[in-house]
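Thanks for coming. I will go through some salt bridges, then a pocket, then one backbone angle.

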Amino acid sequence: IEMTVAVERDITSGKIHEQELAAAREAAEEGARVKADFLATMSHEIRTPMNGVVGMADLLSETRLNTEQKEYVDTIKNSAAALLAIINDVLDLSRLDANKMTVHPVDFDLFACISETVRLIRPQAQHKGLKLTLKTLSEVPDLVNADNGRLRQVLINLLGNAVKFTETGGVDLRLSVEDTDLGHIATIEVEDTGIGIPAEKLEHVFERFSQAEADTTRAYGGTGLGLAISRELVGLMGGRLTVESTLGRGSCFTLRLPLGLPDRTGGSGSRPVI
Ligand code: ADP
């Protein structure tokens, strides 16, 4: 009899435990939703006046300015861009937490998308005297199916980091596409000859606010959010983002991404599991 009672009690307390857990989970989800809504409203409210700042700074830079004034206007523009980037990152994270982030696969030209991001980052590389090269290691289909906006965001993050953390040498972006039974799979490698990442910090770079090189002072700017967002976005797109690195020699980030079957299913058909 004693044993029966004990078992019964266990079952009851187990149930209570489960109910408590479910309630806590629901509360956390609700909290994340409220936070996401709040941040969405806030970022909208901040963005509107920021557009005024950016727009006026743009107009100002087209007027006749001396070197010193040009520098001031450039600082306004760069600061505004940095602030908008932070707002977008925070907004992305809150959407991810609230499960409100969705990916929108469309058919697009992969090579054009990648060359465009390379063109976008090239001035930053040139400014530091770095070589930025794009190589294709296989045939690339004319059209692929994925969320090209989010892919672009991830590539800009990877290329931007590669340039930011490299002082000499350069950055190589390599693209290859495999044709499997379940559709195309892209492998995109971003390799740099930069400062590298210590082995013990390698996996942590994908955590929020992680900054591997932050010892006492931070020599490089940034929020430490980019790679966390990138990895989550790549996950949502069914792909994988990994890194290899040697301290003092450089890093290589590898992105594997399923590209659907644009030819056969007209879009969001089944995708290989990566
Ligand atoms: P942020 O660049 O804004 O600090 P990220 O999430 O993009 O944030 O990167 C997190 C950290 O990972 C960086 O602060 C840096 O320490 C490290 N890291 C990322 N990319 C590289 C790279 N290509 N070379 C060396 N370190 C890198």
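Lys-77 has a relative accessible area of 27%, so it counts as partly exposed; buried means under 20% relative accessible area, exposed over 50%, and partly exposed in between, with a 1.4 Å probe and protein chains only. Before I go on, this is a predicted model, where local features need pLDDT of at least 70, side-chain atom pairs count only at pLDDT 80 or more, and totals for chains, interfaces and linings use all residues. Residues are numbered from 1 along each chain as its sequence is written, and side-chain values use heavy atoms, with hydrogens and water left out.

The partner of Lys-77 is Asp-58: the two form a salt bridge, with the closest N and O atoms 3.5 Å apart. By salt bridge I mean a side-chain nitrogen of Lys or Arg within 4 Å of a carboxyl oxygen of Asp or Glu. Asp-58 lies in helix α1 (residues 2–61) and Lys-77 in helix α2, so the pair ties together parts that are 19 residues apart in sequence. Helices (H or I, at least four residues) and strands (E, at least two) are DSSP runs, numbered from the N terminus. Asp-58 is also partly exposed, at 32% relative accessibility.

How many salt bridges does a search of the whole structure find? The total is 14.

A second one is in α2, where the side chains of Asp-92 and Arg-95 meet at 3.3 Å, N to O. Those two are 3 residues apart in the helix, and therefore separated by about one helical turn. Asp-92 is buried, at 6% relative accessible area, whereas Arg-95 is partly exposed at 28%.

The third is between Arg-174 and Glu-191, at 2.8 Å, N to O. Here the pair links distant parts of the chain: Arg-174 is in strand β4 (residues 170–180) and Glu-191 in strand β5 (residues 183–192), 17 residues apart. Is Arg-174 buried or exposed? Arg-174 counts as buried, at 15% relative accessibility. Glu-191, at 33%, is partly exposed. Returning to the α2 pair, salt bridges that share partners join Asp-92, Arg-95 and Arg-150 into one network.

Arg-174 has other neighbours. Leaving out residues up to four places away in sequence, it touches Lys-135, Leu-137, Thr-187, Ile-188, Glu-189, Glu-191 and Cys-252, where contact means heavy atoms within 4.5 Å.

Next, the pocket. The largest pocket has a volume of about 1,400 Å³. On a 1 Å grid over the protein atoms alone, a pocket is an open set of points where a 1.4 Å probe fits, with protein on both sides within 12 Å along at least five of seven lines; lining residues have an atom within 4 Å of a point. Of the 47 residues that line this pocket, the closest to its centre are Asn-157, Gly-160, Asn-161, Lys-164 and Gly-222. The elements giving two or more residues to the lining are α2, α3 (110–127), α4 (148–164), α5 (226–236) and β7 (250–258). Helix α4 provides the largest share, 9 residues.

Last, the backbone angle. Asn-99 has a positive phi of about 55° although it is not a glycine. Most residues other than glycine have a negative phi. Asn-99 lies in the loop between α2 (67–97) and β1 (106–108), and it is exposed, at 63% relative accessibility.

Conventions: Points joined across faces, edges and corners; volume = space filled by probe spheres on them.
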